[in-house]
Amino acid sequence: MLMLRKYLQRIILIVIALLGVKTGIEGFISTLNMHSNDASVINWDERLSNLIAPVPFEYGLIGYISNADIPGAAFDEDDVFGEYILTQFAVAPLILVQGTDQEWNILNLDPVTYETWNQINANQFEVVGFGGGVYLVRKADK
Amino acid sequence: MILLSFLAFSLPILTGILIIHLLWVEKKHPIDLIFKLTLGIGLGLGISSLLYFVYLIFFAGSPYFLYVELVLFLAALLAAYLKNKKTTQVYLPKLSVSFLQITVLIIAAVVFVFSFLGVINYARQRSHGDWDAWMIYNRSARFMYRGQENWKDAFSKDMGIIFHADYPPLLALNIASRWDILSEETSYVPMFQSILFSFAVLGLCFGALASLKSLGQAGLGVVLLGGVSFFLSEGGRQTADVPLAFYMLASIVLLFFYYHEKRPILIILSGFTVGLAAWTKNEGVFFMLVSAGVMVIFALWKRFFGDFLLYLAGLLLPALLLFYFKFQITRPNEFLSGDSSKMVQYIMDTSRHQMIFNSFKNFFLHGGGWNYIGIFLILSVYFLLFHSRIKDNLEAVFISLAIFAFQIMGYYVFYLISPNDLEWQMNYSLNRLFVQIYPAVVFVILFASQSPEIIFSSDLK
């Protein structure tokens, strides 16, 4: 019985070793063909840092809205989420707050949705910058 | 910049290694060096992060942190030199390794090389890391580095809840301090930090098992860590799960060394690394509470509080800084700031219980292992088949198993009261929660099991 158990243990150890080697090699190979997301991060970083260049302060709050904040606008939930994260990552140390209550605001809207937003908010904001589908606006009365 | 970024970590790492070396001056085996090196990496990075936090509180905006680290390093170097002088010269013992051990070590080396290359390649392809890195750690680091005197904005209450501004700052502080030293915001820094922790976890598990058990068991530990995709695939993502796994493992390993050697400094360090776990991630804060709770129960059972007090002494500094961070700098956690009546409603909701239980069950049966067989199921069966009569360190085994049990129960409760969409949260995080405890579980299971040397011996006992 003891011998049988020992043989079973030996077989299990050999199987674990083989599976470990196989998975280790497969894991490495899978990283050779993986998709890099660096370009999208760097691209978003550049776009946003150019966009916010006119903002006259380095710290503090800046507003942010996307298609998801405009009633009736079409949007992809993953894109909205991802772009919100990347925008905060890019504009640090400015703190993004949802809405357009701040003096300076970023509008991440597609052209059609921007037109809709602009009709509602005409004369309240002045567009200070635009690039890659993202707008920087400033409250007109400030 | 690649080399400079790597060198930027050298001072805290060398300081950590020297501190560990001071504990075991007499240990000079090549295997012991791996243990010292890897434990030192994590300890050094942890100490540096605490130090930078204190530095920011008093001197934010001053570019002298490098000199603070240099002074600490020189102090550790001097202490090591003086202690080495007092210690009788120990010659390197001849390493006697059996054929079986060489075989296991070769297999472990193959697994290590490929899985570690996988981590490096992942990190290289995604130099900015993954979602959590942008959302939490690297974002916070950018706030600190770019904000300087305004570094606290990284943890502002105004920040959207999704950015987890309340998360403990170990990783972010280390990234920001390296950027400060380099005067450049390079993505190599978070990349190297994540690679260093991945390497340290493997090395620590290997070195500790080699010291306390056998070389064959240590090799098997590397196979079980590096040879399962669910664990090391996290290594290159620049998230906090592998660093947290490192500190959890370190605290358990140091506890084993304490019960083995009975030197008070070891349990103090165990407490300190528990504190560093809490300084790394919110699950680490829970780990700290669970560990301290289990130590209290154990002290009550033994009617001896000496060990527990030493443990608390080690925990004190990181815990104090953590409380200051949590109560003075950042916002309340999303779990704790919610509506309590809603929490009660969640706890009473049987469908939530069922969903969480099923997810845990599925992960246990099928998650993280090989050929759709769960790695925790494999480890459980392994322990049943391979467990050995434990001659020493029985206390450490029981304490560790109790900590794991309470930690998993805690994960269950967190899901239960989570204000987020439960299905989304479980899909997104369950795997990673088990990544956090996995190295420590592997270490304890292998410590309490027969080694390959015994299994392949001709002796039937």
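Among contacts in chain B between residues at least 6 apart in sequence, 81% link residues at least 24 apart. The model is predicted. Chain B holds 20 helices and 0 strands, and 60% of its 461 residues are buried.

The overall dimensions can be checked against a simple rule. A compact globule of 461 residues would have a radius of gyration near 23 Å, and chain B, with 22 Å, agrees with this. The C-alpha trace of chain B spans about 65 × 60 × 50 Å along its principal axes. Its accessible surface comes to about 18500 Å², with 69% belonging to carbon and sulfur atoms. Chain B carries 31 positive and 26 negative side chains, and the centres of these two sets lie 8 Å apart.

Two helices, one from each of chains A and B, are set out below.

| Helix | Residues | Number of residues | Expected span | Span between end C-alpha atoms |
|---|---|---|---|---|
| α7(B) | 170–182 | 13 residues | 18 Å | 18 Å |
| α2(A) | 38–51 | 14 residues | 20 Å | 20 Å |

Helix α7(B) is mostly covered, with 11 of its 13 residues buried. The buried positions include an unbroken run from B:Leu170 to B:Trp179, and B:Leu182 is buried as well. Polar and charged residues are among them, including B:Asn174, B:Ser177 and B:Arg178. Just after this helix, B:Ser183 takes a positive phi of about 55°.

In helix α2(A), the buried residues are A:Asp38, A:Val41, A:Trp44, A:Asp45, A:Leu48 and A:Leu51. What do the buried residues of α2(A) pack against? Within chain A, their partners are α3 (77–91), β3 (104–108), β4 (125–131) and β5 (134–139). From chain B, α5 (99–125) and α6 (131–147) also pack against them. The buried residues of α2(A) thus have partners in both chains.

A single position in chain B gives a local view. B:Leu269 lies in helix α12 (residues 264–278) of chain B. Is B:Leu269 buried or exposed? Its relative accessibility is 10%, so B:Leu269 counts as buried, the cut-off being under 20%. Leaving aside neighbours within four places in sequence, B:Leu269 is in contact with B:Ile20, B:Leu23, B:Leu43 and B:Leu254. B:Ser251 is 18 residues from B:Leu269 in sequence, and their C-alpha atoms are 7.5 Å apart in space.

Notes: Residues numbered from 1 in each chain as written. Chains lettered and ligands numbered in written order. Predicted model: local features only at pLDDT ≥ 70, side-chain atom pairs only at ≥ 80, totals over all residues. Heavy atoms only, no water. Helix = DSSP H or I, 4+ residues; strand = E, 2+ residues; numbered from the N terminus. Rg over C-alpha atoms; globule rule 2.2 N^0.38 Å. Buried < 20%, exposed > 50% of the residue type's maximum accessible area, 1.4 Å probe, protein only. Contact = heavy atoms within 4.5 Å. Areas by Shrake-Rupley, 256 points an atom, 1.4 Å probe, with all protein chains shown as cover. Lys, Arg positive; Asp, Glu negative; His and termini not counted. Charge placed at Lys NZ, Arg CZ, Asp CG, Glu CD. Expected span 1.5 Å × (residues − 1).
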